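Reader: I am new to reading structures. Please show me one, and let me ask how each label is earned.

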Amino acid sequence: MSRARPAAAPPRASMLGAALCSARGLSCGYLGRTVLAGVDLDIAAGEVLAVIGPNGSGKTTLFRTLAGELAPIDGQASLRSPRGLVPVMDIPRRERAGLVGRVLQSERPSWPASVRSYIEAGTFASTGWFGSPGAWERRAVEEAIEATELGPLAARPVTELSGGEFRRVLVARALAQKPALLLLDEPASDLDIARQMDILGLLRSLAGSGVGVALSVHDLNLAALVADRVALLSRGRLAALGPPREVITAEAVASAYGASVIVGDHPVLDLLQVVNLPAWLKPKEGKCD
Amino acid sequence: MAAALLFAAALLASLCFGAAPLTPGQVVRALLSRLGGAAGPAGASGAAQDSAARDFVAATIVWELRLARTLLAGVAGAALGAAGAVLQGLFRNPLADPYALGVSSGAALGAVAALSLGIASPVAAVTALQGLSFAGALGAAALVYGIARASGRRAPTAALLLAGAAVGSFLGATVSLIMTLRQRDLQRVFFWLLGGFGGKSWGDLAAALPAAAFALLVSMILARPLDILGSGEEAASSLGLDVARTRALAVAASSLGTAAAVSAGGVIGFVGLLGPHFARLLVGPGHRRLIPASAAAGAVLLMIADAAARSIAAPIELPVGVVTAILGAPLFLWLLSRRGPEGQGA
């Protein structure tokens, strides 16, 4: 079920393929409103999992619950800690921040802090209220800046960055937490196609270094491009989970989104490709079956 | 270092101004005279005696009249500056300040309630004044925070300022109601509400200092959490911050600072807005430097405003709240105009 993806130079070889995060019979949602029910899902070290589904299908709610920001309504959400798989609500907040990093879609900076100091907030979990970043934290920040290629921008105020640059800062801050697992809400939305490829390439290379990556994404072609496995949320449950070609089918898309598409092959890469087929456009002569 | 020099310069300047202007030399001699031992009017004859007498008068003016009130203005300004920085960090909005959010009005309501109790014992009166001011400020800050949070998803700045204005005018009306019902305290309370440090003594300074210092200490503890909170509540929580505890401490610290200032000098607007604003220009947005810098800037601003209140229309003394509002309100509007409707930018 969970296909481990071997990495080129795995720094955490022992962790590769191990579940970093596990949901069993998980129901999640808000007070009096269950959004998702009966979810069974593992996220493995070194894999990229794309979570797809229509607006309101519960992608962000699932991430909030897996990260322990939202208590499960029923079932279990667990995180891999040094003590093994532990129910996420039993893990203290700061320890949790060292296990799972999140990138939110709608974050806006309040103050013109420098890129470096914004990323340094990722070390709060290890320093706490009174500590200031020491050698370990400073190295974590520098490594995060290097991995996201933000060096030239490190002294710039975050309020002056473009959307793509700021998204990279958010990924860098999550990396400075030194988490084994990254959960990203729509990291590719609002970006132009070149910036989208930048951020997805970054996520791919992070997975290559052994981090478990889960991202929600609207564009099914981007999901096919970056993901080892795809999770489809629809009608309040996990409708399908598996490799892109098994999950992203014309039937599944029609059922989940109510959209008519053709799923074919990418002309050059060994990837599937999703093409829209809206009812309000007429197919070319001889192309209608 | 620069802040200390600025503070000393403002203190010196503030001690020079007033109904009887003194030269900086006279002020320094006056300060040294009582620090370095007694120097009475007794001495040589003629010009020397005349000069010694003038120095004695200067020393009396400085030590008995001006130094305590100037330092009290500094303490109140520091408390307001730090409270403004904490509120701005909590609301993630550079327009937040104890006055605009109605926190000062809450403190004033508590203080007026305490004054109208007519407690005779000075210690009990000061305790009641500070305690009820703090309770009023705390209630107002918590209320504004609750309203702004519940309705502020779309236009945070507008929701915040409207909530502050609504709470502030409600509390102001309550103050007026109490004053109308208790006519005999009317004039005393009215002048106190306008804000001012006239006639304040070393005892008032001793009463204000502990609360203001404690508020500043708690504000300093909040420095890193407020930095983290700048990313927004959900992001801060995912970074490991206990947002609820940060919020509660920030409301408590800013309320205590505001209550200390209001108990000391009445309702003084805009110092909590301008202090952090100047501080941010000087030391940047990081709260570890911003909070002490805001306290220093608030102290300098209010000492200068107090000196201006004493000297502009001397021998009539203006309420210092009038001076800060005349200087501060245009700057507030300018800051507001630089921000978009979504509360972004600036």
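Reader: How do you know how far to trust chain A, and what is its average pLDDT?
Author: Chain A averages a pLDDT of 90, and 93% of the residues score at least 70. pLDDT is the predictor's confidence in each residue, from 0 to 100. This is a predicted model, so local features need pLDDT of at least 70 and side-chain atom pairs count only at pLDDT 80 or more, while totals for chains, interfaces and linings use all residues. Residues are numbered from 1 along each chain as its sequence is written, and chains are lettered from A and ligands numbered from 1 in the order in which they are written.

Reader: Where does pLDDT stay under 50 in chain A?
Author: Over residues 1-16. The model has 32 contacts beyond four places in sequence for that stretch. A contact means two residues whose C-beta atoms, placed from the backbone, lie within 7 Å. Where pLDDT is low, the predicted coordinates should not be read in detail.

Reader: Why does the radius of gyration of chain A agree with a compact globule?
Author: The rule is 2.2 Å times the number of residues to the power 0.38, with the radius taken over C-alpha atoms. For 289 residues that puts a compact globule near 19 Å, and chain A has 20 Å, so the two agree. The C-alpha box is roughly 70 × 45 × 40 Å along the principal axes.

Reader: What makes a helix or a strand count, and how many of each has chain A?
Author: Both are DSSP runs, numbered from the N terminus: helices are H or I with at least four residues, strands are E with at least two. Chain A has 10 helices and 12 strands.

Reader: How do you know that β1 and β2 of chain A pair?
Author: Pairing needs at least two bridges found by DSSP between the strands. β1 (residues 19-30) and β2 (residues 33-44) of chain A have 8, in the antiparallel sense. So they pair. Leu26(A) stands opposite Val39(A), and Tyr30(A) has Arg33(A) as its bridge partner. The hairpin has 2 residues between the strands, and Gly32(A) there takes a positive phi near 75 degrees.

Reader: Which open sheet holds these two strands?
Author: The antiparallel one of 4 strands, in the order β2-β1-β4-β5 of chain A. What makes β2 and β5 (84-87) of chain A edge strands is that each pairs on one side only. The twist averages 25 degrees from one strand to the next. Angles run from 0 to 180 degrees between N-to-C directions, and axes are lines fitted to C-alpha atoms, for helices over the stretch in contact. α1(A) lies across β1, β2 and β4 (74-81) of chain A, at about 120 degrees to β1(A).

Reader: Why is one side of β6 and of β10 in chain A left without a neighbour?
Author: Their open sheet has 6 strands in the order β6-β7-β8-β3-β9-β10 of chain A, with mixed pairing. β6 (100-103) and β10 (237-242) of chain A stand at the edges, each with a single partner strand, so one side of each has no neighbour in the sheet. Neighbouring strands here are turned by 15 degrees on average, direction ignored. Helix α1 (residues 59-66) of chain A packs on this sheet too, at about 150 degrees to β8(A). Helix α6 (residues 163-176) of chain A lies across β6 and β7, at about 170 degrees to β6(A).

Reader: Why is Glu186(A) called partly exposed, and Arg235(A) exposed?
Author: Count the other C-beta atoms within 10 Å, placed from the backbone: 20 or more is buried, 12 or fewer is exposed, and in between is partly exposed. Glu186(A) has 19, so it is partly exposed. Arg235(A) has 11, so it is exposed. Glu186(A) lies in the loop between β7 and α7 (193-208) of chain A. Arg235(A) lies in the loop between β9 and β10 of chain A. Phi is positive in both, about 45 degrees in Glu186(A) and near 50 degrees in Arg235(A). Of the 289 residues of chain A, 46% count as buried.

Reader: How many residues of chain A are in contact with chain B?
Author: 19 residues of chain A are in contact with 19 residues of chain B. α2(A) gives the most to this side of chain A, with 3 residues. The side divides into 11 nonpolar, 3 polar and 5 charged residues. Nonpolar means Ala, Val, Leu, Ile, Met, Phe, Trp, Tyr, Cys and Pro; charged means Asp, Glu, Lys and Arg; the others, Gly among them, are polar.
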